[in-house]
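These are my notebook entries on a single protein model. I set down what I looked up, one topic at a time.

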Amino acid sequence: MNEKIIVFLDWDGVVNNHDISCALPNKLSDKFNAQEDNPPLSPIAVGFLNKLCADHQEIRLVCSSTWRTHSKAEIVSTLKNAHKRLIAASGLEHIPYSIKFHAVAKNSWRTPYGRDFNDAIRGKEIDAWLHHYGDEHTRYIIIDDDNDFFPWQLPYFIQTDPFNGITLDDYFKLDDLITSLEPAKQMRLDFKPV
Ligand SMILES: [Mg+2]
């Protein structure tokens with residue numbers, strides 16, 4: 001039985017946020033993030049994501065952001081760099097890095113992209129991923145600051161405020177949602193309109 005919980009994760013407005021992007025002028029941003037090509041992620045939002053993954057070890061992330069056209073190595077490094085900054089800021093050396101990506105296939109760490117999805121809502125990419133990799137045991141949630149999802153996906157969706165990314169309040173909602181997931185209900189594709 002596949003016991004993994006899939007977390008479809010957006011980047012901008014979820015693990016990145018306007019506070020981080022706007023508070024640091026470019027020069028300072030370069031100093032704080034000399035090792036990064038991409039805008040810095042929020043150590044706080046990534047910290048809550050990391051805690052969620054530590055509390056639910058069966059979580060596997062799937063990147064559903066426009067960032068998914070980057071390499072997996074780049075995507076992982078953005079999270080690890082934010083985690084390092086959280087450790088540096090908190091002074092706590094032993095916060096285990098617990099974030100894992102879905103890895104059953106080369107590209108299963110991200111939702112599909114390309115011509116078929118250029119003008120589509122994000123829910124279509126998530127549906128396509130679930131049709132390809134999911135089965136009747138699959139449990140999933142969606143974390144995004146936008147809400148362009150299908151009606152049957154909305155019960156499993158937590159919307160973040162793009163100015164904050166994942167907050168403590170979101171963490172509690174995510175924890176409750178993950179605890180209440182019932183796979184048989186989630187993959188009832190016959191509920192969908194034709
Ligand atoms: Mg976003």
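**Entry 1. The sheet**

What is the order of the 4 strands in the open sheet, and is the pairing parallel or antiparallel? I worked on a predicted model throughout. I read the order as β2-β1-β3-β4, and the pairing is parallel. I then asked which strands stand at the edges. They are β2 (59–63) and β4 (157–159); each has a single partner strand, so one side of each lacks a neighbour in the sheet. I also noted that neighbouring strands are turned by 20 degrees against each other on average, direction ignored. As background, strands of a sheet pair through backbone hydrogen bonds, either parallel or antiparallel.

**Entry 2. Strand pairs**

I went through the pairs one by one. β1 (residues 5–9) and β3 (residues 139–144) run parallel and are joined by 5 bridges. Within this pair I found I5 opposite R139, V7 bridged to I141 and F8 opposite I142. β1 is also joined to β2 by 5 bridges, again in the parallel sense. There I5 stands opposite I59 of β2. I5 of β1 thus has R139 of β3 opposite it and I59 of β2 opposite it as well. β3 and β4 pair in parallel over 3 bridges, and I143 stands opposite I158 in β4.

**Entry 3. Burial of β1 and β3**

I next looked up how many residues of β1 and of β3 are buried. In β1 the count is 5 of 5, and in β3 it is 6 of 6. In a regular strand the side chains alternate between the two faces of the sheet. In β1, I5, V7 and L9 point one way, whereas I6 and F8 point the other, and all are buried. In β3, R139, I141 and I143 point one way and Y140, I142 and D144 the other, again all buried. I recorded that the buried residues of β3 include R139 and D144.

**Entry 4. Helix α3 against α6**

I turned to α3 (residues 43–55) and its packing on α6 (residues 168–180). The angle is about 25 degrees and the axes are 10 Å apart. Because angles under 35 degrees count as roughly parallel, α3 is roughly parallel to α6. Their crossing is right-handed. On the α3 side, F48, K51, L52 and D55 take part; they meet L168, D170, Y171, L174 and D175 of α6. By class, I have 5 nonpolar, no polar and 4 charged residues in this contact.

**Entry 5. Helix α3 against α4**

At what angle do α3 and α4 pack? For α4 (residues 72–90), I read about 100 degrees, with the axes 8 Å apart. The two helices are therefore roughly perpendicular to each other. P43, V46, G47 and N50 of α3 meet L79, A82, H83, R85, L86 and A89 of α4. This contact comprises 6 nonpolar, 3 polar and 1 charged residues.

**Entry 6. C53**

I then took up one residue of α3, C53. Why does C53 count as buried? C53 has 20 C-beta neighbours inside 10 Å, and the cut-off for a buried residue is 20 or more. Beyond its neighbours within four places in sequence, C53 is in contact with I59, S98, I99 and K100. I checked K100 further: 47 residues separate C53 and K100 along the chain, and their C-alpha atoms are separated by 7.7 Å.

**Entry 7. N164**

Where is N164 found? I located N164 in the loop between β4 and α6. N164 counts as buried because 20 C-beta neighbours lie inside 10 Å. N164 is 120 residues from I44 in sequence, but the C-alpha to C-alpha distance is 9.3 Å.

**Entry 8. The chain as a whole**

Last, I noted the overall figures. The protein has 7 helices and 4 strands. Along the sequence they follow the pattern β-α-α-α-β-α-α-β-β-α-α. Of the 194 residues, 34% count as buried. Among contacts with a separation of 6 or more, 74% are between residues 24 or more positions apart. One such pair along the chain is C53 and K100, in contact at 47 residues apart.

Methods. Residues are numbered from 1 along each chain as its sequence is written. This is a predicted model: local features need pLDDT of at least 70, side-chain atom pairs count only at pLDDT 80 or more; totals for chains, interfaces and linings use all residues. A residue is buried if 20 or more other C-beta atoms lie within 10 Å of its own, exposed if 12 or fewer, and partly exposed in between; C-beta atoms are placed from the backbone. Two residues are in contact if their C-beta atoms, placed from the backbone, lie within 7 Å. Axes are lines fitted to C-alpha atoms, for helices over the stretch in contact, and angles run from 0 to 180 degrees between N-to-C directions. Angles under 35 degrees count as roughly parallel, over 145 as roughly antiparallel, 65 to 115 as roughly perpendicular and the rest as oblique. A crossing is left-handed if the near helix is turned anticlockwise from the far one by less than a right angle, and right-handed if clockwise. Ala, Val, Leu, Ile, Met, Phe, Trp, Tyr, Cys and Pro count as nonpolar, Asp, Glu, Lys and Arg as charged, and the others, Gly among them, as polar. Two strands pair if DSSP finds at least two bridges between them.
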